Amino acid sequence: MKKKVLGGLLAVSMIATMGAFNVSVSAAEKDNADIKIGFSSKDNSDTFVAAIADAAEAEAKELGVELLMYDAGGDVNKQISDCETLLAAGVDALVVIPQSVEGSAPVVSMANDAGVPIIVDNGDIGDKNYTAFVGCTDQESGELLGKWFMEESGLEKGSKVAIIEGPMGQSGQVGRMAGFEEVGMLDYFDVVATQTANWKRDEAMALAEDWITTYGDDLKAIICENDDMGMGALSAAQAAGRDDIIIGGVDGLDDAVAAVKDGSYGVSVLQDSAGQGRVGVDVAVAAAKGEEVEPDTRIPFRPITKDNVDAYLEGGVDAISGDDATEDTTEEKTDEAADDTAAEDTTEEEAK
C-alpha cells in the first residue's frame, strides 16, 4: 500500500486544495451541506486525542458538513456501540480513532457491510480493509524518543531508567515500545520498571512517586509514551526535589513544550494532532463524494528539544520541519521548494 508522507502543518493544509488525495475530477458531485460524517473518538479525556477531535470539528464546520461525534471514554465496547449508532444514523463516511488495535477491529467490517467508507485516524487497527488511514507511524515516535535518550540526554549506558506506557495493546503503546526495541534503547539502559498509566497524567504521577521512593538517586530518567504521562512524572519529580531525573514523552502538548523551553523536560516528540483531525475529515468528505482518496497518509513526528523549541514556538511545525525526523522516513518539501524541484521530490513523498 502506498504511503504519503506530509512534511508538516503547511503540507497538511495543502491537502484540500492541491488534490493530494488523488481526487477524481469526474467523480459525482455532492454538496457539502448534504454530507453527514460520523466521528468515533477513543477517549477525549486524553488531551492529545481531544485535540484531534477539536480539529476535526473545526474542519467540518469550515467545510460546511455535518459531524456527529461520539466519545468512547476508553471503552472499546462503547466504541463499537457508538459506531453502530452512527451507521444506523445514515452517515456518509465514518472516522474512527481506535481504542484498541484488535478490539476495535469489528467497526471496519461493520462499515463495509453498510457500504460506508471508513477512515482510521491516528491509531492502527487490526482489520486493514478500511478505506483510508490518516496518522503517524507510532514506531517512529518510539525510535525518536529512544534515540534522544541514548544520544542527547547525557545519560550513560547502563543508567537506571523507568518507562511509563500507554494502555497495553493500543497502537501507540505497541508501536512506541517497538521503536524503543528497534533502536536498542531497552538494552542500552537498565530498565528497572515498566508499567502502564493508561495515557493518564494522575496515574503517571502516582507511578513516578512510587519509583522515586523505591529507586532513589539511582533512578536517572522516566521515559513516557505520551506527554500527559510525562507531565505527571515531572510533577512527581519536582515535588520530590528531583530535578536531576530526565523526563521526556510524545505529543508536543503545550505544557510539555513550555517545560522543554524552561529546561525541566528533556524532549517532546511532536505528533501533529491538528493535522490528523483536519485531514481525517478531508478524506472522509472526499470519500463520501465517491472520490478516489489516498489510502495511507502519514504525518511525520518531530522532536522538540532545547535546540529547536524557540523556532517551534515562533513558527510552528514548519519551522522545525527541516530537522532529521528519522533515518527511515523521507520528507515532503515545502511548497516553495517543490516548485523549484518538483521532478526531484517524487521519491521523497514515499515512506520506506
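This short talk goes through one predicted model, from the whole chain to helix H6, the largest cavity and finally Val76.

Let me begin with the chain as a whole, whose secondary structure comes to 13 helices and 13 strands. Of its 352 residues, 54% are buried, and the chain exposes about 14400 Å², with carbon and sulfur atoms supplying 46% of that area. If we take the contacts with a separation of 6 or more, 73% of them are accounted for by residues 24 or more positions apart.

I would now like to turn to helix H6, which runs over residues 171-182 and so has 12 residues. From its first C-alpha to its last, H6 reaches 16 Å, and that is close to the 16 Å expected at 1.5 Å a residue. Which residues of H6 are buried? They are Ser171, Gly172, Gln173, Gly175, Arg176, Met177, Gly179 and Phe180. What covers these buried residues includes two helices, H5 (138-151) and H7 (185-188), together with the strands S7 (160-165), S8 (190-196), S9 (219-224) and S10 (246-251). Just after H6, Gly184 takes a positive phi of about 85°.

H6 also brings us to the cavities, of which the structure holds 2 of 30 Å³ or more. In the largest cavity there is about 110 Å³ of space, and among the 14 residues that line this cavity, Lys42, Asn122, Arg176, Trp199 and Gln271 are the closest to its centre. Arg176, as I said a moment ago, is one of the buried residues of H6. Which element gives the largest share of the lining of the largest cavity? H6 does, with 3 residues, while helix H2 (47-63) and H6 each supply at least two. By residue class, the lining of the largest cavity divides into 3 nonpolar, 6 polar and 5 charged residues.

Let me finish with a single residue, Val76, which is found in helix H3, residues 76-88. Why does Val76 count as partly exposed and not as buried? Its relative accessible area is 22%, and because buried means under 20% and exposed means over 50%, Val76 belongs to the class in between. Leaving aside its neighbours within four places in sequence, Val76 is in contact with Gln99, Ser100, Gly103 and Ser104. As for Val101, which lies 25 residues from Val76 along the chain, the C-alpha atoms of the two are separated by 10.0 Å.

Key
Residues are numbered from 1 along each chain as its sequence is written. This is a predicted model: local features need pLDDT of at least 70, side-chain atom pairs count only at pLDDT 80 or more; totals for chains, interfaces and linings use all residues. Side-chain values use heavy atoms; hydrogens and water are left out. Helices (H or I, at least four residues) and strands (E, at least two) are DSSP runs, numbered from the N terminus. The expected span of a helix is 1.5 Å times one less than its number of residues. Buried means under 20% relative accessible area, exposed over 50%, partly exposed in between (1.4 Å probe, protein chains only). Contact means heavy atoms within 4.5 Å. On a 1 Å grid over the protein atoms alone, a cavity is a set of points where a 1.4 Å probe fits but cannot get out, and a pocket is an open set with protein on both sides within 12 Å along at least five of seven lines; lining residues have an atom within 4 Å of a point. Grid points are joined across faces, edges and corners, and a volume is the space filled by probe spheres set on the points. Ala, Val, Leu, Ile, Met, Phe, Trp, Tyr, Cys and Pro count as nonpolar, Asp, Glu, Lys and Arg as charged, and the others, Gly among them, as polar. Accessible areas come from the Shrake-Rupley method with a 1.4 Å probe; for residues, only the protein chains shown count as cover.
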